[in-house]
Amino acid sequence: MHPLSWIAAARGRLRALFRRSSVEGDFSDEIRFHLEMEAEKNRRAGMTPDEARRAATLSFGGVERMREEHRDARGTRLAEDIAADVRFALRTLRKNKGFATVVALTMMLGIGANAAVFSVAYGVLLRPLPYVDADRVVRLWSRNDSRQLEFFSVSAADLATWRERNRVFSAMGAYERQRDATLTRGNEPQSVQIAAISPDAFSLLGTPALLGRRIIESDAQPGAPAVAVLGYELWASRFGGDSAIIGKDVLIDGQKLTVVGVMPPRFSFPGNAAEIWTPLSLAGASPNRAQRYLRVLARLSPGVDIERARKEMDQVAESIALESPATSREWRVSMMGIPEHLVGRQWRRSVIALSGVVVFVLLIACANAANLQLARAAARRREIALRAALGARRGRLIGQLLGESTVLALIGGTAGLALAYFGVGVLRTIGAETIPRLDEVRIDGVVLAFTALVTLASGFLFGIVPALGTSRADLGVVLKEGGRGIGGGVGRRARGALVVGQIALSLILLVGAGLLMKSFARLQAVNVGFDPTNVHLAVVRLPESRYPDAARLGAFYQELLSAGARMQGVESAALVSSAPFAGVNSGMTFVVPERPPAPGEAGPDADYRIVSPNYFRTLGIGLARGRDFTDADRAGAPPVVIISEQVARTYWPGDDPLGRQLQLGTSESSRLTIVGIVRDVRYFGIETPDVRPVMYFPALGMPQRGMSLIVKTPNADAFAAAVRKTVRDADSQLPVGRIASMETVVNRALATQRFALALFAIFAGTALLLAAIGIYGVLSYLVKQRTRELGVRVALGASSRTLVTEVVAGAMWYAVPGVLIGVVGALALSGLIRNLLFGVSPTDALTFVGVSVLLMATAALASLVPARRATKADPMLALRGE
Amino acid sequence: MAKDTPADVLQGTLDLLVLKTLALQPMHGWGIAQRIQQISQNALDVGQGSVYPALLRLENRGWVASDWGTSENNRRAKFYRLTALGERQLRRETESWRKYAQAVELILGAT
């Protein structure tokens, strides 16, 4: 067709569609004119007015048929039919409010859950990162499998060699771990996170600065003026979003830095929570490959995939290991794409598992809605068969039934969106500490589009089976059945299959929930090695500018500790370099003097903490043997160390290390006497299978720049106030870091599991409820159909017990295959949540059996109501119903 | 469902006849129906009403356009006229119709 014709046709159709009544009106006018003209001609030819009109209509050839044909020719038939279907559906549903409400509520649950979880999945996993071609950027680590270090920092010397020898990266950059610093403005000190970043790391990510510029090569040259780039959040909150900040100075740890730029919102370096970035120069970095302290980013060269890069970097690492075995033997490279690194493998899998869960819930909801539709359709077979007999085409009947399900889905979807809006709020609250990028989760255009799609798809899904089944109705058969509306084999089989499917899907979800519940109980039962009850923590870090030496550090912390001990109601107070679950880990290698390592071998290694006397008492860590530190264990006194039982077990197996010595570094002068052995403590996480070995050194012997005060006291608020006052009195320039209760800190370590469990439990519960409704629906329907038979049997003296047993056994017809299919499905799928489980196998027999029993019981329960109804069947009523 | 009427069989032909009629002068639906009947000497037994779906089809394709106007006896009537596209279409269809008719004639004339 000619392009102009297309336009004319489209215009005609649009006009016809949107101005339907006026188009129909025009056509009526036109026909009227025609008939009048024809009648007039006939009159002139000598007919009577009546004859003339009749002849005119005859020669026209059927006004109504022409009207239909005209409508077809308008090309808007489909749209007009849809509009008619929707109007018809609304009318029918208004007459069946109960049915409509149940289906809409079911769909609301299914669609709402999907919209909420999709908005999380999209925000966390799919929303583009603020980097140029983020999926081409990778993070690199040193890896040492024999020491179980998968993601370890990189030495500057290794980085230099990597750069030199690889052919897979177009750029590489590095940055340091962020550290606490004090930002001073006016008289208000504020604790901020600051990190040194190499200029190439900035250019590699490619994100342009919001204001000013990023850190560039010349900033990292020796002797360059000291500059800083601010993060958006800090700039907005602390500097009021003032664009005049560029070129101004800020005071960080007493040092003046000139602000040269502000980065846009959401920008950060992967795995680095810094708010201020300063230039990192590697010009004078140590050539020692064992000094691993850098985080490394790289951009893949065009055409190189991550697998090839991995292979090549392992080769590079092997060549380094051959050249410098002392520092690099067994060290290889780990690599991860930035999107995966930012979200974390665990969360990625969790969100995917969760998405699977809500799809299941939606399917169950659709099955339920379809079931209800089928039940209703069975009752409407007469109506539909009559309409078919009166000439409605099958397509139109299917369209009408689909119209109903679509309208219901739309109502459910709209309500579901409201539910999702509320649900996202809940997710943000309970997941705030655990889900990365959660602040980016919201209901936006993408989520709306997704929801609309899901809504229409599910309307089609739960409408199509009933529509196809019902529209096939054969008038003769239906009318012969009399008004009883027996559903026929097809409907019943379809409904049975839907219920079996629902039970199977619910079982899979319940198995997931059960496994998580069990592992959560296991996690909570894990002995962390300390008692967090009533213990509170305050983190303080002293800036180098004003506390340059050990004496000043020691004096400040001694004062803080004694102030802590003086607080009202305090049972015990202590200092620790890094409290359990609440700080960075530190470790070092040492030498067991009885068994010095071979030359070139590294000695054993253990984590360490620096603690004051009473640390073990405050946290309730048991002292197995020996003694705690005392005030006498200070610089100048004989050096001492306390070790954990894991150290004793690992390095003095079958021996008693108490009173023995261990040596730090290579010099024999740095030998410490082991004066105590304490119980093991989990410092990191609850899930790690092994307890790490820990050494404790006395704080008075080696004061640290950052320490945490821990205090056992029932009064949390008084503690927080007292700490703030003490710090302010001691040093008005000093910010107090985090103040928290140890119980909160420990709970947070369980937050991911708790979150996953809560969601699984909610969705599995919804699924169970929906399945119960489904079973109930089908059985009540079957019982209703058998009213007559049952009534006769009651009249003949059948005991109600027999009838109840029969109906409940009928439920088992659906429950047993459903459970069997579900068990097979759960066995296949439960491995997907393996990473969320702790101490529980994904095929845990007890959970599988328990959930199966639960579902069977639910099915039996759901069938009890119809069963009782069966026993009440009144023979007279049943017979009169003929 | 509609039965097989001459209108169904002759739909394409009817379109051509309507175009041809309109090529002479703009006209309303009744006039077109009269003209076709007259000129064909009632040989084509087409229900007068069939003209209207045909007109709508043609209008949707952009071959004819319509306007409300006043008829010869002073009534409101819808007048159809041929567009430039319609003229071209008419030429093309006339030509292909003639070819077709010739071909049929040849076959029927062969002995």
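# A tour from the core of chain A to chain B

Begin by selecting A:I503 in this predicted model, and then display the residues that A:I503 touches beyond those up to four places away in sequence, namely A:A771, A:Y814, A:A815, A:G818, A:V819, A:G822, A:L855 and A:A859. With A:I503 still highlighted, add A:A767, since these two are the residues that touch the most other members of the largest nonpolar core, a set of 165 residues. Apart from that core lies another, of 63 residues, and to find it you may select A:Y557, A:V591, A:Y696 and A:F697, which are among its members.

Now widen the view to the whole of chain A, where a cartoon representation will show 28 helices and 24 strands. Of the 882 residues in this chain, 42% are buried, and if one takes the contacts between residues at least 6 apart in sequence, 82% of them join residues at least 24 apart.

Next, select residues 97-126 and residues 445-471 of chain A, which are helix 6 and helix 16, and look at the place where their axes come within 10 Å and cross at roughly 145°. The crossing of helix 6 and helix 16 of chain A is right-handed. To see which side chains lie at this meeting, show A:M107, A:G110, A:I111, A:N114, A:A115, A:F118, A:S119 and A:Y122 on helix 6, and opposite them A:V446, A:V447, A:F450, A:T451, A:V454, A:T455 and A:S458 on helix 16. Colouring this contact by residue class gives nine nonpolar and six polar residues, with no charged residue among them.

Leave chain A and turn to chain B, whose secondary structure consists of five helices and three strands, and which, when traced along the sequence, runs in the order α-α-β-α-α-β-β-α. Buried residues account for 35% of the 111 residues in chain B, while 52% of the chain B contacts with a separation of 6 or more are between residues 24 or more positions apart.

For the last stop, select helix 3 of chain B, residues 29-39, in which the buried positions are B:G29, B:W30, B:G31, B:I32, B:A33 and B:I36. What is the phi of B:Q41, the residue to examine following helix 3 of chain B? The phi of B:Q41 is positive, near 55°, and displaying the backbone there will let you inspect the residue alongside the helix that it follows.

Definitions and conventions
Residues numbered from 1 in each chain as written. Chains lettered and ligands numbered in written order. Predicted model: local features only at pLDDT ≥ 70, side-chain atom pairs only at ≥ 80, totals over all residues. Helix = DSSP H or I, 4+ residues; strand = E, 2+ residues; numbered from the N terminus. Buried ≥ 20, exposed ≤ 12 C-beta atoms within 10 Å, placed from the backbone. Contact = placed C-beta atoms within 7 Å. Axes fitted to C-alpha atoms, helices over the stretch in contact; angles between N-to-C directions. Left-handed = near helix turned anticlockwise from the far one by under 90°. Nonpolar A, V, L, I, M, F, W, Y, C, P; charged D, E, K, R; others polar. Core = buried A, V, L, I, M, F, W, Y, C linked by C-beta atoms within 7 Å.
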